[in-house]
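Visitor: I would like to go through this model term by term, asking at each point what justifies the word that is used. Could we begin once the sequence and structure are in view?

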Amino acid sequence: MTSLSDLKLEEATEAKVGLIPVEVSYRFALDETTMWSQACTYRTKDRSELTDLVRLVEQSVFAAKTAIPMRDVRNGIVFNFRSGAPVYLTMEESLGREYVNGALNGVPLVLAGSLPDELRKWSLRSKQAAHAAGATCNH
């Protein structure tokens, strides 16, 4: 798997964060595609907000743990760059667990269980993300 440092997330020019509210449930498990159609989404191009997102991700990856495929994708981040392919990070909801299953560009990895809540906090304090033009939510 490509390491986070190889991806150069700090060079992202835009990010989209997708969050399914914890209290929302579905009769079916969401995958990496359907999650985005159901999620509250927040976009930002603000450099300080992008830096915060990169810091949250870098502090949350546990390479030493054995990852398993996700059963229900509930949250994600897409990092876009001026040139090059986007980077996709998706994850399950932690529901109080210490670790959560996730995927980086489709490759399973283990993340800190605190990351989904940290992303929610980020979305609440984000200046750019909260603007009506950049935030959408069906819930």
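Guide: Please go ahead.

Visitor: Why is R97 called partly exposed?

Guide: R97 has a relative accessible area of 34%, and the scale used here calls a residue buried under 20%, exposed over 50% and partly exposed in between, with a 1.4 Å probe and protein chains only. The value for R97 falls in the middle class, so R97 counts as partly exposed. As to the basis of such statements, this is a predicted model in which local features need pLDDT of at least 70 and side-chain atom pairs count only at pLDDT 80 or more, while totals for chains, interfaces and linings use all residues. Residues are numbered from 1 along each chain as its sequence is written, and side-chain values use heavy atoms, with hydrogens and water left out.

Visitor: What makes the contact of R97 with E92 a salt bridge?

Guide: The term requires a side-chain nitrogen of Lys or Arg within 4 Å of a carboxyl oxygen of Asp or Glu. The N to O distance between the side chains of R97 and E92 is 3.7 Å, so the pair meets that limit. Its partner E92 is buried, with a relative accessible area of 3%. A search of the whole structure finds 6 salt bridges.

Visitor: How do you know that R120 is buried, and what does its side chain meet?

Guide: R120 has 17% relative accessibility and therefore counts as buried. R120 lies in helix 4, residues 115-125, where helices (H or I, at least four residues) and strands (E, at least two) are DSSP runs numbered from the N terminus. The side chain of R120 forms a salt bridge with that of D117 at 3.7 Å, N to O, and both residues lie in helix 4, 3 residues apart, which is about one turn of the helix. D117, at 37% relative accessibility, counts as partly exposed. A network of salt bridges links E93, D117 and R120.

Visitor: Which backbone atom lies 2.8 Å from a polar atom of the R120 side chain, and why does that count as a polar contact?

Guide: That atom is the backbone oxygen of I20. A polar contact is a pair of N or O atoms within 3.5 Å; within protein, one must be able to donate a hydrogen and the other to accept it, and residues adjacent in sequence count only if both atoms are side-chain atoms. At 2.8 Å, the pair of R120 and I20 is inside the distance limit, so the distance criterion is met.

Visitor: What makes strand 3 and strand 4 a pair?

Guide: Two strands pair if DSSP finds at least two bridges between them. Strand 3 (residues 75-80) and strand 4 run antiparallel and are joined by 5 bridges, so they qualify as a pair; G76, for instance, has T90 in strand 4 as its bridge partner. These two strands form a hairpin with 6 residues between them, and G84 in the turn has a positive phi of about 100°. Strand 4 also pairs with strand 5 (residues 99-104) in the antiparallel sense over 3 bridges, with G102 in strand 5 as the bridge partner of M91.

Visitor: Why is strand 4 described as largely enclosed?

Guide: Strand 4 covers residues 87-91, and 4 of its 5 residues are buried, so the rest of the structure largely encloses it.

Visitor: How many aromatic pairs are there, and what decides the name of each arrangement?

Guide: The structure holds 2 aromatic pairs. The ring centres of Y26 and F28 are 5.6 Å apart and their planes are at 40°, so that pair is tilted. Rings of Phe, Tyr and Trp (its six-membered ring) pair if their centres lie within 6.5 Å, with planes under 30 degrees apart counted as stacked, over 60 as edge-to-face and the rest as tilted. Y26 is partly exposed at 22% relative accessible area, and F28 is partly exposed at 47%. The rings of F62 and Y99 are 5.0 Å apart, centre to centre, with 85° between the planes, and are therefore edge-to-face. This pair links distant parts of the chain, 37 residues apart, with F62 in the loop between helix 3 (47-58) and strand 3 and Y99 in strand 5.
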